[in-house]
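Reader: I'd like to go through this one label by label. Could you tell me what stands behind each term?

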Amino acid sequence: MSPEGNSPVEAAGDKTVAAPVAKPAPTIGTWEWDARTGRIFWSPEIYLIFGLDPAAFTPDIAAIIALTVEEDRWVHDLDATMAPPEPFSIYYRIRRPDGTFRTLRETGGASPSWTPEMPRVIGTL
């Protein structure tokens, strides 16, 4: 407040232009997949992106494929058990439980600790 009791914008008069309203930052989550066991770890942000409750949903390949729009399901055909996957960047669409659709960009590749005995793939969504 200025000494006159006006806000800084009011005190500046016509010379002040209102700042644009900031858009929310996009949500980015991380994931890890153990290709040997099939276990998938999602950060809390990925549950938000998919519109799922972490207490009620355990991610696995079959469930993720079921949420993916049928024409895009081919993107989940990844066999990382024999050789480390090359870095990848893919787009695909999902249908969330509330019926809304989202187009996602997923990037990933072999974990720095990838071995045939411990084939892990990591990425962001």
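Author: What follows takes the labels in turn and sets values against definitions. This is a predicted model, where local features need pLDDT of at least 70, side-chain atom pairs count only at pLDDT 80 or more, and totals for chains, interfaces and linings use all residues. Residues are numbered from 1 along each chain as its sequence is written, and side-chain values use heavy atoms, with hydrogens and water left out.

Reader: Fine. How many helices and strands does the protein chain have, and what counts as one?

Author: There are 3 helices and 5 strands, in the order α-β-β-α-α-β-β-β from the N terminus. Both are DSSP runs numbered from the N terminus: H or I over at least four residues for a helix, E over at least two for a strand.

Reader: What makes S1 and S5 a pair?

Author: Two strands pair if DSSP finds at least two bridges between them. S1 and S5 (residues 120–124) have 5 bridges, in the antiparallel sense, so they qualify. One of the partnerships is Trp31 with Gly123 in S5. S1 also runs antiparallel to S2, with 3 bridges, and there Trp33 has Ile40 as its bridge partner. The S1–S2 hairpin has 5 residues between the strands, and Gly38 takes a positive phi near 85 degrees.

Reader: And how many bridges join S3 to S4?

Author: 8, again antiparallel, with Arg93 opposite Thr103 in S4. This hairpin has 5 residues between its strands too, and Gly99 in the turn has a positive phi of about 95 degrees.

Reader: Which side chains of S3 point to the buried face?

Author: Phe88, Ile90, Tyr92 and Ile94 are on that face and buried, while Ser89, Tyr91, Arg93 and Arg95 point to the other and are not. In a regular strand the side chains alternate between the two faces of the sheet.

Reader: Why is Asp72 called buried?

Author: Buried means under 20% relative accessible area, exposed means over 50%, and partly exposed is in between (1.4 Å probe, protein chains only). Asp72 comes in at 11%, so it counts as buried. Asp72 sits in the loop between H3 and S3.

Reader: What makes Asp72 and Arg93 a salt bridge?

Author: The rule asks for a side-chain nitrogen of Lys or Arg within 4 Å of a carboxyl oxygen of Asp or Glu. Here N to O is 2.8 Å, so the pair passes. The partners are 21 residues apart and link distant parts of the chain, with Arg93 in strand S3. Arg93 is at 34%, so it is partly exposed.

Reader: How many salt bridges does that rule give?

Author: 6. Among them is Arg36 with Asp34 at 3.9 Å, N to O. Arg36 has 51%, which means it is exposed, whereas Asp34 has 5% and is therefore buried. Another joins Asp98 to Arg96 at 3.8 Å. Shared partners also join Glu32, Asp34, Arg36 and Arg120 into one network.

Reader: Where is Glu32, and why is it called partly exposed?

Author: Glu32 is in strand S1, and its 27% falls between the two cut-offs, so partly exposed it is. The side chains of Glu32 and Arg120 share a polar contact of 3.0 Å. That term means a pair of N or O atoms within 3.5 Å; within protein, one must be able to donate a hydrogen and the other to accept it, and residues adjacent in sequence count only if both atoms are side-chain atoms.

Reader: How do you know that Glu106 has no salt bridge?

Author: The nearest side chain of opposite charge, Arg105, is 10 Å away, and the cut-off is 4 Å, so no bridge is counted for this buried residue. Lys and Arg count as positive and Asp and Glu as negative; His and the chain ends are not counted. Glu106, in strand S4 (residues 101–110), does have side-chain polar contacts with Trp31 at 3.5 Å and Tyr92 at 2.5 Å.

Reader: Last one: what makes a nonpolar core, and which residues have the most contacts inside the largest?

Author: A nonpolar core is a set of buried Ala, Val, Leu, Ile, Met, Phe, Trp, Tyr and Cys residues joined through side-chain atoms within 4.5 Å. The largest has 22 residues, with Trp31, Trp42, Phe50, Tyr92 and Leu125 making the most contacts inside it. S1, S2, H2, H3 and S3 each supply at least two residues of this core.
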